[in-house]
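Subject: Structure to look at

Hi,

Here is the structure I said I would pass on. Have it open while you read, and my notes follow below.

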Amino acid sequence: MSGAVATAGAPSRPRRRASSQRGRAWALWGSYAALVVFVFVFLVPPFYMVATSLKSDADIAAEVGNPWLVHHPTLQNFIDLFMMPTFRGYFINSVMVTAVTVSVSMVISVLAAFGLTRLGFKGSAMLASSVFLTYLIPDSLLFIPLFQVVRALGLINNLWCLALLYPTLAVPFCTWIMIGYFSSIPKELDEVALIDGAGYLRMLWSIFIPVALPGIIAATIFAFTVSWGEFLYPIAYLYSSDQKVLTVGIAGDLIRGDVFQWGKIMAGCVVAAAPPIVIYAFLMDYYIAGLTAGATKG
Amino acid sequence: MADRSAVAVSLPPHRMVRRSFMRRLLERRSTVALLMCSPLFLLIAGLVVYPAFYALYLAMLNRRMTQFVGLDNFAFLLKRDTFRLVIFQSCLFAVSSVVLKSFLGFVLAHLMSNIPSGRQRIWRGLLLVPWVIPLALSTLGWWWLFDPSYSAFNYLLNALGIASVPWLGVAWPARLCMITVNVWFGTSFFMIMYLAALKSVPEQLYEAAAIDGAGTFQKMFYVTVPMIRNVISVTVLYSLIVTFANFDIVRILTNGGPESKTHVFATYAFQVGIQSGDIPLGASVSLFMFPLLAVFAYFVLRNVTRRGKEMTV
């Protein structure tokens, strides 16, 4: 193929190469320029959130000058927020619910993925597909019957109903990610482990989990983002301040009647968005591996 | 390989022992597997399958849940203008957001693949920020940007000599605002998916196309698109489901207003079922989503089941 190019294109070769190089340089700089525009647009809301969080209430209410600039930066909003017991409560609630959800989801999904890929039973391939089907069920489809279920369990306005419900959102995709990673581990490994007399749980613990660690990190990050950012279940099932989590607490409690404490609301958003962003900044590759697991391996 | 031959060599002496051991193992194997999957079963059966059927039952009760009314709730909903608007609004929101996200994501993925791979990391990192911030929080930020009195956007418009726009106070601008927020949030997800797919297209195909005289756009439509078709369809369908069922954006930006003109299924079901306490009617509203979601999900699954079959047992 390349030989054919070389002979056919020989006479005009230098010129064509020069023009294609120029074209490539244009494409490169054009791409950079377009990317700058995209990044700029994408970062406008986060920038404005951070800028507002650094303004004093007086600055925001004054309505003079450019709202995009911070004239007198102050950390007062953040200090006020952390002095508020309710806000600290939201943060602690979010952390507790997320910690329980993530650990429960990971135990369930690692066990299930191991059972499905390595041990198997009749219909386990079908079950793996139906796990993916569950992942496609959005939270807003079932929240009303779940309201009745939660009420029957006596968990309305109880923080822990979230720890019960969040795994339904996280487990299917985590299981899916783990199925992908476990299937890629060579069969010979299990045989060796079995002959060495290891039980299944030991095999899972000392071979599969260490080998599939990247998948476990990706699935953990997914479970974390789901339970940290979920909005519908807490707004539907929780109403008192001491039970709320960050996503609903910020909007609900800092707006009293017509008074919007925008500085504090935005500071709250910045604080609440910080954990996912920090995790993302340090573990971007795992994060992206988790994101794309559904499509590229499918 | 080496391990396996070592095993084979050491086998003959205790073959008898091994066979009965293996048989017991096979018997136990599926039991162990079932046990390991049982938490997953319990979770899905109790909190997904049961509520789904329960929703069907609930939707056929009257408001006080004392009487069985058949399909009256559905008929009642379809007669109401507000609900017809909800159907229209949900479809408009989902379809236009997904088309825009898909298009912009495709463009972004190409821009990214044009730049050297060493530089991609930082750009990818910046572009994915909208996807990483929890949607409920970033929508609060957008709400503040759209705020009519101290609006940041209106300030810019006024600076350019254009009159202020009541962003969320009038139905059509509000709808466009919702779509904008959703596109802002979801485009980077499409970019990541398409970028991963683009990397899997063999370079030789482009070279071959170039030799045949294909231009940039011909390469895109005759090489790139067919090669990544599978990823495109899975991503689009998945995003259609999620966007169609979106709650956060509409709830925070307009809460259905002005005059219930901007509700989507999720927010309307919330208002009817949770806030007004008419659980059966709310359940019927969200059940209306089901047929459409089922169709989308069917096509996603068709693309995905191959993985289930490939899965070695």
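Chain B has 15 helices and zero strands. Keep in mind that this is a predicted model, so confidence scores come up a few times below. Of the 313 residues in chain B, 41% count as buried. If you take the contacts in chain B with a separation of 6 or more, residues 24 or more positions apart account for 65% of them.

How sure is the predictor about chain B? The average pLDDT there is 85, with 88% of the residues scoring at least 70. Go carefully at the start of the chain, though: over residues 1-13 of chain B the pLDDT stays under 50, and the model has six contacts beyond four places in sequence for that stretch.

Now for chain A. Its secondary structure comes to 15 helices and two strands. Chain A has 298 residues, and buried ones make up 47% of them. For contacts in chain A between residues at least 6 apart in sequence, 78% join residues at least 24 apart. The mean pLDDT of chain A is 85, and 90% of its residues reach 70 or more. Here too, residues 1-13 stay under 50 in pLDDT, and the model gives that part of chain A four contacts beyond four places in sequence.

Next, how the two chains meet. The contact between them takes 88 residues from chain B and 89 residues from chain A. On the side of chain B that touches chain A, the largest share comes from helix α2 (residues 15-58) of chain B, with 18 residues. By class, that side of chain B divides into 68 nonpolar, 14 polar and six charged residues. For the complex, the predictor gives an ipTM of 0.87 and a pTM of 0.86.

Chain A is also divided into domains: domain 1 covers 2-53 and domain 2 covers 85-296. Their contact takes four residues from domain 1 of chain A and six residues from domain 2 of chain A. The domain 1 side of that contact has two nonpolar, two polar and no charged residues.

One helix worth finding on your screen is α8 of chain A, residues 160-183. Is it buried or exposed, taken as a whole? Of its 24 residues, 22 are buried, so α8(A) is largely enclosed by the rest of the structure. You can check its length too: at 1.5 Å a residue, the 24 residues should span 34 Å, and the end C-alpha atoms are 34 Å apart, which agrees. Have a look at A170(A) as well, where α8(A) has a kink of about 35°. The proline P172(A) comes shortly after that kink.

Last, a single residue to try things out on: I209(A), which sits in helix α10 (residues 200-211) of chain A. Why does I209(A) count as partly exposed? It has 16 C-beta neighbours inside 10 Å, and the partly exposed class lies between 12 or fewer (exposed) and 20 or more (buried). Leaving aside neighbours within four places in sequence, I209(A) is in contact with L204(A) and I216(A). For a distance to try yourself, go from I209(A) to F82(A): these two are 127 residues apart along the chain, and their C-alpha atoms are separated by 39 Å.

Have fun with it, and send me any questions.

Cheers

Conventions. Residues numbered from 1 in each chain as written. Chains lettered and ligands numbered in written order. Predicted model: local features only at pLDDT ≥ 70, side-chain atom pairs only at ≥ 80, totals over all residues. Helix = DSSP H or I, 4+ residues; strand = E, 2+ residues; numbered from the N terminus. Expected span 1.5 Å × (residues − 1). Bend = angle between axes of the 7 residues up to and from the residue. Contact = placed C-beta atoms within 7 Å. Nonpolar A, V, L, I, M, F, W, Y, C, P; charged D, E, K, R; others polar. pLDDT = per-residue confidence, 0-100. Domains from an automatic or database assignment.
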